[in-house]
Amino acid sequence: MRPLFKAAAGRAGSWERGAAVPPSQRAAPPDRRPPVPPPRPPPARAPPATPARPWPPPPRGPAMADAFAGTWKLVDTANFDEYMKALGVGFATRQMAGLTKPTTIIEVAGDKITVKTQSTFKNTEISFKLGEEFDETTADDRHVKSVVTLDGGKLVHVQKWEGKETSLVRELKDGKLILTLTMGNVVSTRTYEKAT
């Protein structure tokens, strides 16, 4: 009887010594799989870049033509007789036109511009919209097709007739109105000061 007891005691003691662990008490094997990263939020979209705008914005169209508005009196002229000769103006008309000192009146009303020229030789008046062709009768009685545009702050007036072309460019310099007349390779300059 004594040996059987010892064997049973030995088997019972083995559970206490940790020789064998019951399945219900065994720890689960560690999870060796790499951790799954959390889903990334979608990248935020940057707002579209807005181009820088000058301030105040540069005037355009008739608004820029406002700078020319006013009454201008001729104070100086250069090579005007040669210019008229290149246009085909007769001698008597050139003499009369060369002796006068005309006054130019520029008015701006909305998108319409009016240019009046007054002198003892002849008075003329034209009204137009920028970039639109119009019929004009000049002081020397030429019947022309004209277009006036704004280019780089200059008021550019182009006249065409009988296959010919001349340009009249008005610009402001030091508070004066400079009119540059070009016919072929002949250039005339006329200077106006604003009437007070």
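The following exercises, each with a worked solution, treat the sheet, a helix pair and the cavity of a predicted model.

Residues are numbered from 1 along each chain as its sequence is written, and side-chain values use heavy atoms, with hydrogens and water left out. Because the model is predicted, local features need pLDDT of at least 70 and side-chain atom pairs count only at pLDDT 80 or more, while totals for chains, interfaces and linings use all residues.

**Exercise 1. The sheet as a whole**

Determine the order of the strands in the open sheet, and name its edge strands.

Solution.

Step 1. Strands are DSSP runs of E with at least two residues, and helices are runs of H or I with at least four residues; both are numbered from the N terminus. Two strands pair if DSSP finds at least two bridges between them.

Step 2. Strands of a sheet pair through backbone hydrogen bonds, either parallel or antiparallel. Here ten strands form an open sheet in the order β4-β3-β2-β1-β10-β9-β8-β7-β6-β5, and the pairing is antiparallel.

Step 3. The edges are β4 (124-129) and β5 (134-137), each of which pairs on one side only.

Step 4. From one strand to the next, the twist averages 25°; angles run from 0 to 180 degrees between N-to-C directions, and axes are lines fitted to C-alpha atoms, for helices over the stretch in contact.

**Exercise 2. Neighbours of β1 and β2**

Find how many bridges join β1 to β2, and identify the bridge partner of threonine 71 in β2.

Solution.

Step 1. Strand β1 (residues 70-78) and strand β2 (residues 103-109) run antiparallel and are joined by four bridges.

Step 2. Threonine 71 has isoleucine 105 as its partner in β2, and glycine 70 has isoleucine 106.

Step 3. With β10, β1 pairs in the antiparallel sense over six bridges; lysine 73 is there the bridge partner of glutamate 193.

Step 4. β2 also pairs with strand β3 (residues 112-118), antiparallel and over seven bridges. In this pair, threonine 104 is matched with threonine 117 of β3.

Step 5. β2 and β3 form a hairpin with two residues between them, and glycine 110 in the turn has a positive phi of about 65°.

**Exercise 3. Two further hairpins**

State which residue has a positive phi in the turn between β5 and β6, and which in the hairpin of β6 and β7.

Solution.

Step 1. Four bridges connect β5 with strand β6 (residues 143-151) in an antiparallel arrangement, and threonine 137 stands opposite histidine 143.

Step 2. Five residues lie between β5 and β6 in their hairpin, where aspartate 141 has a positive phi of about 65°.

Step 3. β6 and strand β7 (residues 154-161) run antiparallel and are joined by seven bridges; valine 148 has histidine 157 as its partner in β7.

Step 4. Two residues separate the strands in the hairpin of β6 and β7, and glycine 152 takes a positive phi near 60°.

**Exercise 4. The helix pair**

Describe how α3 and α4 cross, and list the residues of their contact.

Solution.

Step 1. The axes of α3 and helix α4 (residues 91-99) come within 10 Å and cross at roughly 145°.

Step 2. Contact means heavy atoms within 4.5 Å. The contact is formed by Phe80, Asp81, Met84 and Lys85 of α3 with Arg94, Ala97 and Gly98 of α4.

Step 3. These residues comprise three nonpolar, one polar and three charged. Ala, Val, Leu, Ile, Met, Phe, Trp, Tyr, Cys and Pro count as nonpolar, Asp, Glu, Lys and Arg as charged, and the others, Gly among them, as polar.

**Exercise 5. The cavity**

Give the volume of the largest cavity and the composition of its lining.

Solution.

Step 1. On a 1 Å grid over the protein atoms alone, a cavity is a set of points where a 1.4 Å probe fits but cannot get out; lining residues have an atom within 4 Å of a point. Grid points are joined across faces, edges and corners, and a volume is the space filled by probe spheres set on the points.

Step 2. One cavity of 30 Å³ or more is counted. The largest cavity has a volume of about 570 Å³.

Step 3. Its lining has 31 residues, of which Phe80, Thr117, Thr124, Ala139 and Leu168 lie nearest the centre.

Step 4. The lining divides into 15 nonpolar, ten polar and six charged residues. Helix α3 (residues 80-87) supplies the largest share, four residues.

How values were computed. On a 1 Å grid over the protein atoms alone, a cavity is a set of points where a 1.4 Å probe fits but cannot get out, and a pocket is an open set with protein on both sides within 12 Å along at least five of seven lines; lining residues have an atom within 4 Å of a point.
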